[in-house]
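Let's take a look at the empty spaces in this protein, both the enclosed kind and the open kind. Have the sequence and the model in view as you read.

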Amino acid sequence: MAEKIQYNGLDVMKVIMAVLVAARHMIQIFYPAESKWRLVVGTWLSNLAVPVFFITAGFFLFRKIDRNKKEEGRCALFQYGIRIFKVYLLWSVIYLPIDYINWINGQDRDVRRFVINYIHCFFFSSTTVQLWYLPALLVACVFVGIFYQRCVKTWKLLVVGGMLFGIGCICDNWYFNQQLPMKLQQVLNIYFKYFLTVRNGVFYGFFFVALGLWFAKTKVKIPFFGAMAGAFFCILLMLLEVRHCSNTNMVFTSAPAAFFLFSALSKVQWKNRKLYPRLRAVSEWIYLSHVYFFHFYGWAARWNPLPATKKGIAISILGPMLLFAWCMACLSEKRSFGWLKKLI
């Protein structure tokens, strides 16, 4: 097994990305359509987050797996899959009150249709905006892990994954998919009817988890400043792409941007401190819990002394969210609250 190394730069990056995801969803709900933040955060910078999360997860998973030790590799992959599924199941239960509130406030209160729709969403996208990432991660890691243990070369996984990601980007964005031949559009409509989204482990996660595998096994090193320059350039390209093509979920240029950003920050070797593992936990609490704070803001609006401006909304939502995540991370370090670690 590889020597345990603390990747402190990645811990800091994960917190930033988790906050971007929370801010993205907040902006989509509460900010006016003309707000510049819808572009800057909602469709530009926040689209770095999920690719970075996939790469990071793949990197740490495959540092533990050696294809020459097949039995150990299968056990590690199985245990990781079970852990991700348990977290997904737990948070799906935690969000059931929100699902119930959305149902009773909706126009269609048919119980049978609600149950069928919930089961459908549970397996293919989730009813909560951010939880889709967990089943996508599970599927991507299982597929990449199986192919890796069957000695499929990493470059082949990257090629196949890159093709799937390209297809996903085209299918996810009206700018591209409306230019497809009518027969392909009809096929796409049938796909979405049953599978709901291309933001899943096949069309989204597979490529980036395979990139995490590549980082875990390769000896190729990109200099820090070269990687940062590449990340900065590709992030600017992301801005051009989302402005021209109106991407909101899957962005072509997020792939090289996430590649260079991960490459750079995985080389950051700050002095090990207790802060960094705590930040890792904070990022996970932020990502998993942030939707509840949108509802808390709505429920407590009449008592909120802050005005319902963009700044007031951001402080009212992101402030308590960050405080909650920090407290949960600190509490989970205590023996009597160690069970909290099972929620992330």
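## Cavity and pocket

Y88, S92, D99, Y118, F122, S126, T127, T128 and L131 make up the lining of the largest cavity. Helices α4 and α6 (111–124) are the elements that each put two or more residues into that lining. Keep in mind that this is a predicted model. The count of cavities of 30 Å³ or more comes to one, and the largest has a volume of about 40 Å³.

Now for the open space. The largest pocket holds about 1,400 Å³. It has 39 lining residues, and K14, K64, R83, R280 and E284 are the ones closest to its centre.

Which helices supply at least two residues each to the lining of the largest pocket? They are α1 (8–30), α3 (49–62), α4 (70–94), α7 (133–149), α14 (275–299) and α15 (310–332). Helix α14 gives the most, with eight residues. Helix α4 turns up in both places: it is on the list for the pocket and also on the one for the cavity.

Here's how the two linings break down by residue class:

| Lining | Nonpolar | Polar | Charged |
|---|---|---|---|
| Largest pocket | 22 residues | four residues | 13 residues |
| Largest cavity | four residues | four residues | one residue |

So much for the tallies; if you want a spot to start looking, try the centre of the largest pocket, where K14, K64, R83, R280 and E284 are the closest lining residues.

Methods
Residues numbered from 1 in each chain as written. Predicted model: local features only at pLDDT ≥ 70, side-chain atom pairs only at ≥ 80, totals over all residues. Heavy atoms only, no water. 1 Å grid on protein atoms, 1.4 Å probe; cavity = no way out; pocket = protein on both sides within 12 Å on 5 of 7 lines; lining within 4 Å. Points joined across faces, edges and corners; volume = space filled by probe spheres on them. Helix = DSSP H or I, 4+ residues; strand = E, 2+ residues; numbered from the N terminus. Nonpolar A, V, L, I, M, F, W, Y, C, P; charged D, E, K, R; others polar.
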